[in-house]
Amino acid sequence: MFRNQYDTDVTTWGPAGRLFQVEYAMEAVKQGSAAIGLRSKTHVVLACVNKANNELSSHQKKIFKVDDHIGVAIAGLTADGRVLSRYMRSECISHAFTYESPLPVGRLVVQLADKAQVCTQRSWKRPYGVGLLVAGLDESGAHLYYNCPSGNYFEYQAFAIGSRSQAAKTYLERRFENFMDSKCEDLVKDALIAIRETLQGERLTSTICTVAVVGVGESFHILDQNTVQQLIDEFEIVGEEEPPAAEAGDTGDQETAAGEATPAEEGAAPMDI
Amino acid sequence: MAKQQANWSPYDNNGGSCVAIAGKDYCVIAADTRMSTGYSILTRDYSKISKLADKAVLASSGFQADIKALQKHLAARHLIYQHQHNKQMSCPAMAQLLSNTLYYKRFFPYYAFNVLGGLDNEGKGCVFTYDAVGSYERVGYGAQGSGSTLIMPFLDNQLKSPSPLLLPAQDAVTPLSELEAVELVRTVFVSATERDIYTGDKVEIVILNAEGLRREFMDLRKD
């Protein structure tokens with residue numbers, strides 16, 4: 001996409017019927033680090049890559065708990081994501097206060113989408129530059145939605161957003177038919193493998209990713225690093241179905257992998273794809 | 001024509017008594033379960049106790065509709081706090097929030113007489129006692145509600161701490177053990193039930209300590 005004379009204002013249509021500012025906002029999502037969601041009948045898993053700007057800083061928070069039964073992973077302008085998470089939390093609290101019952105996910109994503117749409121039709125606003133993967137549980141089961149800056153939202157069995165998300169999507173497309181009946185642990189493993197796909201050879205450890213789960217009987221919670229590392233170790237050892245980045249130093253890494261994720265493992269140099 | 005007075009009141013008193021006692025590493029919060037209006041009983045099984053946070057439990061007597069609204073408001077505020085701070089509110093923090101919430105409606109108050117009990121940041125028992133518009137104080141023990149005038153003097157007799165003017169400073173919390181404190185609460189409610197018509201049916205006793213929260217019930221006279 002190139003700069004053109006119709007892209008200055010969000011309220012200016014292009015001759016082909018496009019709103020370029022909105023499309024640019026969606027570009028911002030593609031620049032953010034990857035976030036992945038997938039679901040079964042009873043659980044939804046969100047996972048994201050923690051990219052810190054530099055070694056000295058901490059990474060951005062990309063997964064937010066919205067309510068006991070809803071969580072969200074974001075990609076793009078994380079500040080926008082934070083603000084929208086606050087809005088979502090506030091809506092959930094408000095609904096529960098009035099109706100003494102949890103806000104259904106489907107309703108929340110519509111409210112979110114409407115809020116995004118407003119910013120596509122006001123000359124003094126700009127679209128939110130963040131894509132949200134909303135994971136939630138309601139009476140009709142587990143759901144995963146994707147809300148985009150345009151104000152559109154879609155329900156997904158599995159989805160990935162952010163940079164190099166296509167690699168993850170390819171993996172998910174291969175495996176998604178199994179998800180509905182998967183156990184939660186398998187879903188998490190699939191999420192981690194999908195995350196690994198976006199890493200392009202970099203070694204997957206629990207320090208560079210965050211995983212969160214919500215399910216029947218399980219409040220939305222972020223898994224702690226040790227649990228995640230254990231799950232990673234399980235499939236790294238087995239050497240899961242066609243891992244494209246064949247890690248040569250695998251056996252040597254297992255001893256160091258448990259709980260240790262320092263760069264001191266350069267001994268097992270990750271194979272470039 | 002004589003001045004017309006309102007014959008509709010936005011308030012009602014549903015009666016009942018609440019008590020809380022702070023110990024060295026525990027807190028006991030108790031309230032009876034009778035809900036009344038006028039000289040009638042609405043139900044014998046209504047809890048006046050609400051857990052606001054892991055370490056803060058509120059017992060309120062007065063107008064239960066206002067109390068329910070107050071509890072919901074505080075619960076919502078606590079959720080927001082948890083989202084923002086990633087942890088539960090401490091009891092002293094909740095105490096201040098309750099005070100501010102009550103004073104916010106200074107000119108149309110919550111008809112709620114509250115006793116907040118819990119564990120402070122050091123794990124010691126704490127009790128805060130309130131009036132309807134938010135004036136509060138940390139104390140070693142407190143009682144509110146229709147039976148409070150019967151209960152408080154007895155608690156003073158058993159628990160009254162040495163004066164805060166004394167040197168060296170003495171602890172306000174009672175030296176009683178947890179089991180002794182619970183027994184005292186039972187005694188106190190049995191006595192209050194005898195003479196206060198609005199107190200009776202059952203007493204719900206909540207005990208907060210380092211291990212968590214425990215709930216006990218004891219039957220009281222139903223007349």
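Accessible areas here come from the Shrake-Rupley method with a 1.4 Å probe. Keep that in mind as you click around, and remember that you're looking at a predicted model.

**Stop 1: all of chain A**

Select chain A and colour it by secondary structure. You should find 7 helices and 10 strands. Now switch on the surface: the accessible area of chain A is about 13300 Å², and carbon and sulfur atoms own 51% of that. What about the residues underneath? Chain A has 273 residues, and 50% of them count as buried. If you look at contacts in chain A with a separation of 6 or more, 63% of them join residues 24 or more positions apart.

**Stop 2: the largest cavity**

How many cavities of 30 Å³ or more does a search of the whole structure find? There are 3. Let's visit the largest, which holds about 50 Å³ of space. To see its lining, select Leu84(A), Leu112(A), Ala116(A), Tyr128(A), Val130(A), Leu132(A), Asn147(A), Cys148(A) and Pro149(A). Two elements of chain A, α3 (105-118) and β5 (130-138), each give at least two residues to this lining. Sort the lining by type and you get 8 nonpolar residues, 1 polar and no charged ones.

**Stop 3: two loops in chain A**

Next, select Arg164(A), in the loop between β8 (158-161) and α4 (165-175) of chain A. Its phi is near 60°, a positive value in a residue other than glycine. Is Arg164(A) buried, partly exposed or exposed? With a relative accessible area of 37%, Arg164(A) is partly exposed.

Then move along to Gln200(A), in the loop between α5 (184-198) and β9 (209-215) of chain A. Gln200(A) isn't a glycine either, yet it has a positive phi of about 55°. The relative accessible area of Gln200(A) is 53%, so this residue is exposed.

**Stop 4: a helix in chain B**

Hop over to chain B and select helix α3, residues 148-159. Which of its residues are buried? They are Ser148(B), Ile151(B), Leu155(B) and Leu159(B). Because these four cover an arc of only 65° around the axis, they sit on the same side of α3(B). Turn the helix round to the face pointing away from the buried side, and you'll meet the exposed residues Thr149(B) and Asn157(B).

Finally, show what covers the buried residues of α3(B): the cover includes β1 (17-22), β10 (141-145) and α4 (178-195) of chain B.

Methods
Residues are numbered from 1 along each chain as its sequence is written. Chains are lettered from A and ligands numbered from 1 in the order in which they are written. This is a predicted model: local features need pLDDT of at least 70, side-chain atom pairs count only at pLDDT 80 or more; totals for chains, interfaces and linings use all residues. Side-chain values use heavy atoms; hydrogens and water are left out. On a 1 Å grid over the protein atoms alone, a cavity is a set of points where a 1.4 Å probe fits but cannot get out, and a pocket is an open set with protein on both sides within 12 Å along at least five of seven lines; lining residues have an atom within 4 Å of a point. Grid points are joined across faces, edges and corners, and a volume is the space filled by probe spheres set on the points. Ala, Val, Leu, Ile, Met, Phe, Trp, Tyr, Cys and Pro count as nonpolar, Asp, Glu, Lys and Arg as charged, and the others, Gly among them, as polar. Buried means under 20% relative accessible area, exposed over 50%, partly exposed in between (1.4 Å probe, protein chains only). The arc is that of the directions from the helix axis to the C-beta atoms. Contact means heavy atoms within 4.5 Å.
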